[in-house]
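Subject: Structure handover

Hello,

Here is the structure I promised to pass on. Please open it alongside this note.

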Amino acid sequence: MEQYRRHVLVCTGGFCSVDRRGRAIYSALAELLQRENLLFGPTRVKRSETPCLGVCAGGPIVAVYPEGVWYANVTQTLLERIVVEHLRDGQIVAEAVFHQLSG
């Protein structure tokens, strides 16, 4: 099995985003990864959904690893920037980061 360059976690639970907007973000992520050719090869990105990332506010929350970058209040527009700028081009969308793991 090929390695993944990055792993994206999307909170789809109802605590951080009461209206569960994370479900729509998770679904749109698949389309954007395909559009940007990030499903196969050395730039391959894994996407996973989780019912809770432990933030419980400011959702939808999207976390990108191995950088440990967490984005809050992710909209469709911001998701597209995350995919193009961060996942494809390697530039973190700094103004949208609410937490980054150190290390």
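What follows is a short account of what was found, taken region by region. Please keep in mind that this is a predicted model.

**Strands**

Start with strand β1, residues 6–11. Strand β2 covers residues 45–50, and the two pair in the parallel sense. Six bridges hold that pairing in the assignment. For orientation, V8 has R47 as its bridge partner in β2. To get from β1 to β2, the chain passes through helix α1, residues 21–35. This β-α-β crossover is right-handed. A further position to check is C11, which stands opposite T50 in β2.

β1 also pairs with strand β3, residues 62–65. Here the sense is antiparallel, over four bridges. V10 of this pairing stands opposite V62 in β3. So β1 has a parallel partner in β2 and an antiparallel partner in β3, by the rule that two strands pair if there are at least two bridges between them.

**Helix α1**

Does the length of α1 agree with its residue count, or disagree? The helix has 15 residues, and at 1.5 Å a residue it should span 21 Å. Its end C-alpha atoms are 21 Å apart, so the two agree.

Next, the buried side. The buried residues of α1 are G22, I25, Y26, A28, L29, L32 and L33. An α-helix has 3.6 residues a turn, so residues three or four places apart point the same way. The list can be read with that in mind: G22, I25, L29 and L32 are among the buried residues. What do they pack against? The buried residues of α1 pack against β1, β2, β3 and α2, the last being residues 76–88.

After α1 comes N37, with a positive phi. I return to N37 below.

**Rings and charges**

How many aromatic pairs are counted? The count comes to one. The pair is W70 with F98: the ring centres are 6.3 Å apart and the planes stand at 75 degrees, so the pair is edge-to-face. The angle decides the label, because planes over 60 degrees apart count as edge-to-face. This pair links distant parts of the chain. W70 is in strand β4, residues 69–71, and F98 is in strand β5, residues 97–100. The two residues are 28 apart.

Their exposure is worth a look. W70 has 12% relative accessibility, so it counts as buried. F98 has 39%, so it counts as partly exposed.

Two arginines sit over rings. R44 lies over the face of Y4, at 3.8 Å from the ring centre. The charged end of R47 sits over the ring of Y26, 3.8 Å from its centre. Both residues of the second case appeared above: R47 is the bridge partner of V8, and Y26 is one of the buried residues of α1.

**The start of the chain**

E2 lies in the segment before β1. With a relative accessible area of 42%, E2 is partly exposed. Which residues does E2 touch, leaving aside those up to four places away in sequence? They are G41, P42 and R44. R44 is also the residue over the ring of Y4. As for distance, the C-alpha atoms of E2 and Q76 are separated by 29 Å, with their positions 74 residues apart along the chain.

**Backbone points to check**

Most residues other than glycine have a negative phi, and most peptide bonds are trans. These are the places to view with that in mind.

- G59 and P60 are joined by a cis peptide bond, with omega about 0 degrees. P60 is in the loop between β2 and β3.
- Y65 and P66 are joined by a cis peptide bond, with omega about 20 degrees. P66 is in the loop between β3 and β4.
- N37 has a positive phi, near 55 degrees, and is not a glycine. N37 is in the loop between α1 and β2. At 60% relative accessibility, N37 counts as exposed.
- C56 has a positive phi of about 65 degrees, although it is not a glycine. C56 is in the loop between β2 and β3, the loop that also holds P60. With a relative accessible area of 44%, C56 is partly exposed.

Best wishes

Terms used. Residues numbered from 1 in each chain as written. Predicted model: local features only at pLDDT ≥ 70, side-chain atom pairs only at ≥ 80, totals over all residues. Heavy atoms only, no water. Right-handed = clockwise from strand over helix to strand, strands pointing away. Expected span 1.5 Å × (residues − 1). Buried < 20%, exposed > 50% of the residue type's maximum accessible area, 1.4 Å probe, protein only. Contact = heavy atoms within 4.5 Å. Phe/Tyr/Trp six-rings, centres within 6.5 Å; stacked < 30°, edge-to-face > 60°. Lys NZ or Arg CZ within 6 Å of the ring centre and 35° of its normal.
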